[in-house]
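Here is a short report for a reader meeting this structure for the first time. Keep the sequence and the 3D view at hand while reading.

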Amino acid sequence: SKPAKAVKDVVEAAAGKVADALTPDLPGAPGSAPPPVDEPTAPHDPLPPKKEQGAPEPRTPTGAETGVPATAKGQQGAFLTTAQGARLRDTDHSLKAGPRGPVLLQDHHLREKITHFDHERIPERVVHARGAGAHGVFTGYGTAENVTRAGFLAKGRETPVFVRFSTVLGSRGSADTVRDTRGFATKFYTDEGTFDLVANNIPVFFIQDAIKFPDIIHAGKPHPDREIPQAQSAHDTFWDFVSLHTEAQHHTMWNMSDRGIPRSYRMMEGFGVHTFRLVNAAGETALVKFHWKPKLGVHSLTWEEAQLLGGIDPDFHRRDLYDAIEAGAFPEWELGLQIFPDTPEETFAGIDLLDPTKIVPEELAPVQPVGRLVLNRTPTNFFAEVEQVAFHVGHLPPGIDVTNDPLLQGRLFSYVDTQLTRLGGPNYSQIPVNRPHAPVNDMLRDGFHQHAVHAGVAPYRPNSLDGGNPFPAGEEDHAFVDVPVTVAEAPKVRANPVTFDDHYSQARLFWLSMSPVEKEHIVRAYTFELGKCYHQAIRERQLRCLANIDPVLCEQVATGLGLPAPEPTVPLADVTPSPALSQVGREWPPDGRMVGIVVDADADLDGVGQVRRAALAAGMVPLVIAPHGGTVGDLPVQRTFATARSVEFDAVLLACAPAPAPDALPTRDAKAGAPGPARVDPRVLLLVEEAWRHAKAIGAWGAGVTALEEAGVAGTLGVVTGGSGTDAFDGVQRLMAAHRVWDRFPAAVS
Ligand code: HDE
């Protein structure tokens, strides 16, 4: 029979495959050519096992030797092995009765390999299935000591964290840039136990009581008959529910605003939504809302960009997060607290703090910074870390406690429950990414996928057989002490407090706090989404809700739908706008912003080199776009005209006016508006046209100015030309501080 291939043959075949996979257009890492690929040669020593591949800490009362080897199963040794560690000679051929014969059942390696593969998938999350994660560190400022005894907020205290960002409605493989709420869940591995801040990028929720969660999610998910649309709220069942269950109107307004289509996970706020209770060392309590404030400000895509990206780069947010971290532009947020006195009414400025459909405007209760989060490491293995991470709103360290918010109370039940199915049993806290960094000494035993080898005979209390271990801790030993909140004697009811009945005033507050351009986007979003509904009755019902929020909003959406604007059925609330809710009108740092630079062989390449260096020095990511891959002069090319699309860039600079390449599609002559040959490559014209339409900064120098003229945008707002590359870049950089050039389009709504 044919002998197994020699190692050398295998290696050479593999090398051939790698070479075939590399094409000259392969996009590089941002700002640099892709790192050289290590061609396989001969077996070599693997990297040492990572810390998180280590065995679980001994979960025994005494901490005695458990017999678990120091390193649990990971990738060790140079050679391919079976799951039992037997070295394998061949993994390319099944064991057969002769080269043309049937496969033998006795082939253990074949069965093991395929059986494991058959079981590689676990159920995706029922909500928040699509996500991306990163590791980082949180540093306390010490400014929260008077309100909470939580040790991780102490001045200078560093706590490792893992963050998972997500969309809510879509499946695991759905597009990142859909209109939806984003999850922003943080696991703080504090030395007093894990703290999970399971937050969203929108500070309010659709419902006031967890019992309605299956309803809102069933309404938002694809229709049960055809399983469409995927990851969208633009369909009948969603609008049917939110127009009937009107407490959803405030959250829906945020979804229809630019908050529903973030530019990047790095540019989102995060909100704990519920009010929590803090307790300090003296036992005094305060009510609190958690906020994450991004260093880069809050920014969004335009709706057209979001739609284009759904096809061009459905992984846009995931890629953006990983590229930024790998380029050293570490995403950063400040954790802030809105603190309220813990009064029996649990209200602040007349706002019911237990109602998760309400915010407290920052103008009334400023967000006080208490620490800084930096994400600085991408996951090593997506499944092991991002897919298996399990958050829970009840994972709280001493100093932070829950309130009676009925939405929060339901969540306290749901997260463990869902993970029992998703992660296959009760021991998921032993999965590396979920392991607490504080020592664990519980009396939980056995169950599916038990990894710990518990010593001792007495996992019960009281006991004498294990010497009484483990011992309850006192407050001075950092024990979690439940806040002794008085529970009023009251009849059992299925009812809400009357304050929960106000469904419109804060939606109106949000609308009135928007700038004209943001209002215009909201109008367009409602018009688009309702325009996608088939049932006229649903559109009309939602218009009646909008009438109770604001007549201008209602009128504009009604016009777009071709329907009459109804009259309000409740008096319009008298509210004071909150400027802090608007995303525009300030300036932000340029870290990690993407600048595309269009070059060809005739361009001022020295100038391009200077622009690249200036962009890198400013913390941005410059990407050279050229007619072909490889290099132009000495410049590495990261994108070609075929692989570049405007949606990837925050700004575009042109150093040339490249003639149409033979492979470019025919187009209209931009100047004459008639069909005919273009003088500039149509893909470059499209790049400029889209960047302009999406209110991005555009700059050009030298021959690049001709390209602007051909595209018909020269001399318009937010389009700068300079005598040199650095002049043009300086102009673009100034414009980018405000993120977009909204003045280019005077808004129709004021
Ligand atoms: Fe969740 N939510 N949720 N949620 N949620 C889940 O837990 C649930 C709510 C949030 O990246 C599930 O592990 C109920 C509000 C995030 O792994 C599930 C209610 C907020 C994530 C669940 C809510 C959130 C989840 C699904 C109404 C913002 C992703 C998978 C009472 C403050 C976590 C899982 C991750 C995930 C239940 C409402 C945030 C089913 C019952 C409000 C960021 O347990």
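An unreviewed UniProt entry annotates residues 81–469 as "domain: Catalase core". The model shown here is predicted. Over residues 81–469, helix makes up 21% of the chain and strand 20%. The C-alpha atoms at the two ends of this stretch are 41 Å apart.

Now the ligand. The shell around the ligand holds 27 residues. Those that come nearest are His 128, Arg 164, Gly 183, Ala 210 and Val 273. By class, the shell divides into 14 nonpolar, ten polar and three charged residues.

Which elements give two or more residues to this shell? There are four of them, listed here with their residue ranges.

| Element | Residues |
|---|---|
| β2 | 158–167 |
| β3 | 182–190 |
| β4 | 193–200 |
| α9 | 406–422 |

Helix α9 gives the most, with seven residues.

Next, a sheet later in the numbering. Six strands form an open sheet with parallel pairing. Their order is β17-β14-β13-β18-β19-β20. Which strands sit at the edges? They are β17, at residues 639–640, and β20, at residues 719–722. Each of these two pairs on one side only.

Inside that order, β13 stands beside β14. Strand β13 covers residues 594–598, and β14 covers residues 621–626. The two run parallel and are joined by five bridges. Which residue of β14 does Val 598 stand opposite? The partner is Ile 625.

Conventions: Residues are numbered from 1 along each chain as its sequence is written. This is a predicted model: local features need pLDDT of at least 70, side-chain atom pairs count only at pLDDT 80 or more; totals for chains, interfaces and linings use all residues. Two strands pair if DSSP finds at least two bridges between them. Helices (H or I, at least four residues) and strands (E, at least two) are DSSP runs, numbered from the N terminus. A residue is near a molecule or strand if its C-beta atom, placed from the backbone, lies within 6 Å of it. Ala, Val, Leu, Ile, Met, Phe, Trp, Tyr, Cys and Pro count as nonpolar, Asp, Glu, Lys and Arg as charged, and the others, Gly among them, as polar. UniProt positions are given in the numbering used here, feature names are shortened, and annotations may be inferred rather than shown by experiment.
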